[in-house]
Amino acid sequence: MASIDHKLTMAKSCARDGVIAGAKAAVVATVAAAIPTLASARMLPWARTYLNHTAQALIISSVAGAAYFIVADKTVLQSARNNSFKNADKSEAM
């Protein structure tokens with residue numbers, strides 16, 4: 001039973017780390033996408049004509065969402081990989 005509780009705790013910890021890393025990446029990606037998107041919509045005639053506020057918001061939010069899911073997935077997979085190697089080391093020591 002202790003092993004199941006330990007695994008559950010590790011899974012929650014991995015998920016939490018993934019959420020935090022994903023949120024940080026989404027914030028950075030939002031700023032990185034918003035600045036050129038908003039600047040080009042103000043300065044370039046083509047962008048001013050074809051990129052209304054909805055299109056600008058869609059570009060920025062899609063970049064933020066993609067960054068969140070990519071970084072969160074990579075963080076969870078890395079945590080799982082590290083935990084599996086730790087478990088393999090413990091089983092070899094026995």
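Val 31 lies in helix H1, which covers residues 2–43, and this residue is a convenient place to begin reading the structure, which is a predicted model. Val 31 is partly exposed, with a relative accessible area of 47%, and together with Val 27 and Ile 35 it forms a nonpolar patch on the surface. The accessible area of Val 27, Val 31 and Ile 35 together is about 290 Å².

## The chain as a whole

The chain has three helices and zero strands, so that, because only helices and strands enter the description, the pattern read along the sequence is α-α-α. Helix H1 takes in residues 2–43, helix H2 takes in residues 45–50, and helix H3 takes in residues 53–93. Of the 94 residues in the chain, 21% are buried. The accessible surface of the chain comes to about 7000 Å², and carbon and sulfur atoms account for 70% of that surface. Among the contacts in the chain with a separation of 6 or more, 72% are made by residues 24 or more positions apart.

## The annotated spans

The UniProt record, an unreviewed entry, places the feature "transmembrane region" at residues 21–41 and 53–71. In the model, residues 21–41 are 100% helix and 0% strand, and the C-alpha atoms at the two ends of this span are 30 Å apart. Residues 53–71 are likewise 100% helix and 0% strand, with end C-alpha atoms that lie 27 Å apart.

## Contacts between helices H1 and H3

Which residues does Cys 14 contact, leaving aside its neighbours within four places in sequence? Cys 14, which is found in helix H1, is in contact with Val 76, Ser 79, Ala 80 and Asn 83. With a relative accessibility of 9%, Cys 14 counts as buried, because buried means under 20% relative accessible area. The C-alpha atoms of Cys 14 and Ala 72 are 9.6 Å apart in space, although the two residues are 58 residues apart in sequence.

Seen from the other side, Asn 83 is found in helix H3 and touches Met 10 as well as Cys 14, when residues up to four places away in sequence are not counted. Asn 83 is buried too, with a relative accessible area of 15%.

Further along helix H1 comes Thr 37, which counts as buried at 9% relative accessibility. Not counting residues up to four places away in sequence, Thr 37 touches Gln 56, Ile 59 and Ile 60.

Asp 73 gives another view of helix H3, in which it is found. At 45% relative accessibility, Asp 73 counts as partly exposed, and its C-alpha atom is separated by 9.6 Å from that of Ala 21, a residue 52 residues away along the chain.

## Aromatic pairs

A pair of aromatic rings is described by the distance of the centres and the angle of the planes. The structure holds two aromatic pairs, and the table sets out their geometry.

| Pair | Centre to centre | Angle between the planes | Arrangement |
|---|---|---|---|
| Trp 46 and Tyr 50 | 5.6 Å | 45° | tilted |
| Tyr 68 and Phe 69 | 5.1 Å | 80° | edge-to-face |

Trp 46 and Tyr 50 both lie in helix H2, four residues apart, which is about one turn of the helix. Are these two residues buried or exposed? Trp 46 counts as exposed at 55% relative accessibility, and Tyr 50 is exposed as well, with a relative accessible area of 56%.

In the other pair, Tyr 68 counts as partly exposed at 23% relative accessibility, whereas Phe 69 counts as exposed at 59%. Why do Tyr 68 and Phe 69 count as edge-to-face? Their planes are 80° apart, and planes over 60 degrees apart count as edge-to-face, so the pair receives that description. The planes of Trp 46 and Tyr 50, by contrast, are 45° apart, which is neither under 30 nor over 60 degrees, and therefore this pair counts as tilted.

Notes
Residues are numbered from 1 along each chain as its sequence is written. This is a predicted model: local features need pLDDT of at least 70, side-chain atom pairs count only at pLDDT 80 or more; totals for chains, interfaces and linings use all residues. Side-chain values use heavy atoms; hydrogens and water are left out. Patches are made of residues with over 30% relative accessible area and no salt bridge: like charges are joined within 9 Å, nonpolar side chains (Val, Leu, Ile, Met, Phe, Trp, Tyr) within 5 Å. Accessible areas come from the Shrake-Rupley method with a 1.4 Å probe; for residues, only the protein chains shown count as cover. A salt bridge is a side-chain nitrogen of Lys or Arg within 4 Å of a carboxyl oxygen of Asp or Glu. Buried means under 20% relative accessible area, exposed over 50%, partly exposed in between (1.4 Å probe, protein chains only). UniProt positions are given in the numbering used here, feature names are shortened, and annotations may be inferred rather than shown by experiment. Contact means heavy atoms within 4.5 Å. Rings of Phe, Tyr and Trp (its six-membered ring) pair if their centres lie within 6.5 Å; planes under 30 degrees apart count as stacked, over 60 as edge-to-face and the rest as tilted.
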